[in-house]
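Subject: The structure, with some notes

Hi there,

Here is the structure I promised to pass on. Please open it alongside this email, and my notes follow below.

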Amino acid sequence: MKHLFNLHRKAVRIDYRNQLCSFATFATGCVVLLSLIIPYYVVQFINPDDVWDRYRLAYEQPRVHFDYRYLFLTEVALPEAQSEIITCSSFEPYNELTEQRQECGAIKVTSDDSNVDGKVDALAVSVSFNLPQEATGLKFYTFYFFLDAVVKSRCLFKIPTIISLDKVPPPVHPFPSGTITHSGHLTSSQTVALQCPFFMRNIKSHFNHNYLPGENYTSLHQFLPPSILDEIESSNAAYFKFDPHRSHWTRDGAGEVTIRVELTIGGEDSRRTALLYNTSIWQKVAQFWMQYFSVLVVSLWLADKVKDWLFERFVIRAMEVVPWKEKYN
């Protein structure tokens, strides 16, 4: 005789009935309600800090572009404790204030997209100038330029960006000619989490770009990096800045001084350009639901087993209805 094996199994259904206003209905409702509430506390106990994230970091390399907005100023030492200013700028109000002091060479810019993803990974900006014949060397120099930086991983933002060196002394004295290079990373500075618009709530963070030197700047002090940084910080939730980590220099007899800034953007250290965003209600729901649902499945299964035990052992009184018995009686 051939052995038989199971092809399909169907569970036997037994109904337990009682009046709507009864202890059995109340007890069953409590079990179901607990099966829905307990998963929330289980998730909160396992991940107390991750149930409702108010903020979320976005690691994104911004798209940067240099559009030749810069200012350079240096003070050189002269004999008999005198000094002279050499400066140049792309800002016409500044040029009008300084008049005959535009003595720098052309600004040189090189960019590199090493992974060919359409984003600049490294940017180098340099300015060159000649010292007066009677000059003994540099005393200090100030150099800054602006970048257009755009992020769009969460929503489209144009973030204020300034790369600045403020009153930096030369590495050695005297420094009559050569190249001084400052290398560093683009890094974010943030005071308030950014807000992106989402469905049914069209609220978005805004950035003020009026910090750029303009016609209303009437004194040289307003063009210096501390004043501009104060304006950026006071009117924007976040901005990008230059974080120098090393500098090196070479001296030669060419008679020309070059100040060079090498900027690394994103790359392996993308944490430097990370921005903090407010989490929307829909992101919170999606995040919580994934954790809650996994525990809810187990909780509902256990609640079903508890109800089986309560009714089968008559802890809760109810009329037991077996469909196939009713059919054949």
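Let me begin with the aromatic side chains: Phe66, Tyr68, Phe72, Phe129, Phe143 and Phe145 are linked into a cluster by ring pairs. Please keep in mind as you look around that this is a predicted model.

**Aromatic rings**

Across the structure, the count of aromatic pairs comes to 14. One of them joins Phe66 and Tyr68, whose ring centres are 4.9 Å apart, with 50 degrees between the planes. That pair is classed as tilted, because its angle falls between the 30 degrees below which planes count as stacked and the 60 degrees above which they count as edge-to-face.

The two partners are worth a look one by one. Phe66 has a relative accessible area of 9% and is buried, whereas Tyr68 is partly exposed at 44%. Tyr68 belongs to the loop that runs between β3 (63–65) and β4 (70–78).

Elsewhere, Phe140 has a charged neighbour: the charged end of Lys167 sits over its ring, 5.8 Å from the centre.

**Backbone details**

Most residues other than glycine have a negative phi, and most peptide bonds are trans. With that in mind, here are some spots to check in your viewer.

- Tyr68, though not a glycine, has a positive phi of about 60 degrees.
- Val116 also has a positive phi, near 50 degrees. You will find Val116 in the loop between β6 (108–112) and β7 (122–130), and it is exposed, with a relative accessible area of 71%.
- His173 and Pro174 are joined by a cis peptide bond, with omega at about -10 degrees. Pro174 is in the loop between β9 (157–168) and β10 (178–190).

**The N-terminal helix and the annotated span**

The UniProt record, an unreviewed entry, places a "transmembrane region" at residues 20–42. In the model, that span is 87% helix and 0% strand, and its end C-alpha atoms lie 31 Å apart.

Pro39 is part of helix α1 (residues 23–46). Is Pro39 buried or exposed? Its relative accessibility is 0%, so Pro39 counts as buried. Pro39 and Leu300 are 261 residues apart in sequence, yet their C-alpha atoms are 9.6 Å apart in space.

**The largest pocket**

Which residues line the largest pocket? They are Val12, Arg13, Ile14, Tyr16, Asp304, Lys305, Lys307, Asp308, Phe311 and Glu312. Helix α4 (residues 281–312) gives the most to this lining, with 6 residues. Sorted by class, the lining holds 6 charged and 4 nonpolar residues, and no polar ones. The space in the largest pocket comes to about 280 Å³.

**One more loop**

Leu212 lies in the loop between β10 and α3 (225–235). Its relative accessible area is 23%, so Leu212 counts as partly exposed, given that buried means under 20%. The C-alpha atoms of Leu212 and Pro160 are separated by 9.7 Å, while the two residues are 52 apart along the chain.

If you would like a place to start, try the Phe66 and Tyr68 pair, then move along to the cis bond between His173 and Pro174.

Best wishes

Conventions:
Residues numbered from 1 in each chain as written. Predicted model: local features only at pLDDT ≥ 70, side-chain atom pairs only at ≥ 80, totals over all residues. Heavy atoms only, no water. 1 Å grid on protein atoms, 1.4 Å probe; cavity = no way out; pocket = protein on both sides within 12 Å on 5 of 7 lines; lining within 4 Å. Points joined across faces, edges and corners; volume = space filled by probe spheres on them. Helix = DSSP H or I, 4+ residues; strand = E, 2+ residues; numbered from the N terminus. Nonpolar A, V, L, I, M, F, W, Y, C, P; charged D, E, K, R; others polar. Phe/Tyr/Trp six-rings, centres within 6.5 Å; stacked < 30°, edge-to-face > 60°. Buried < 20%, exposed > 50% of the residue type's maximum accessible area, 1.4 Å probe, protein only. Lys NZ or Arg CZ within 6 Å of the ring centre and 35° of its normal. UniProt positions renumbered as here; feature names shortened; annotations may be inferred.
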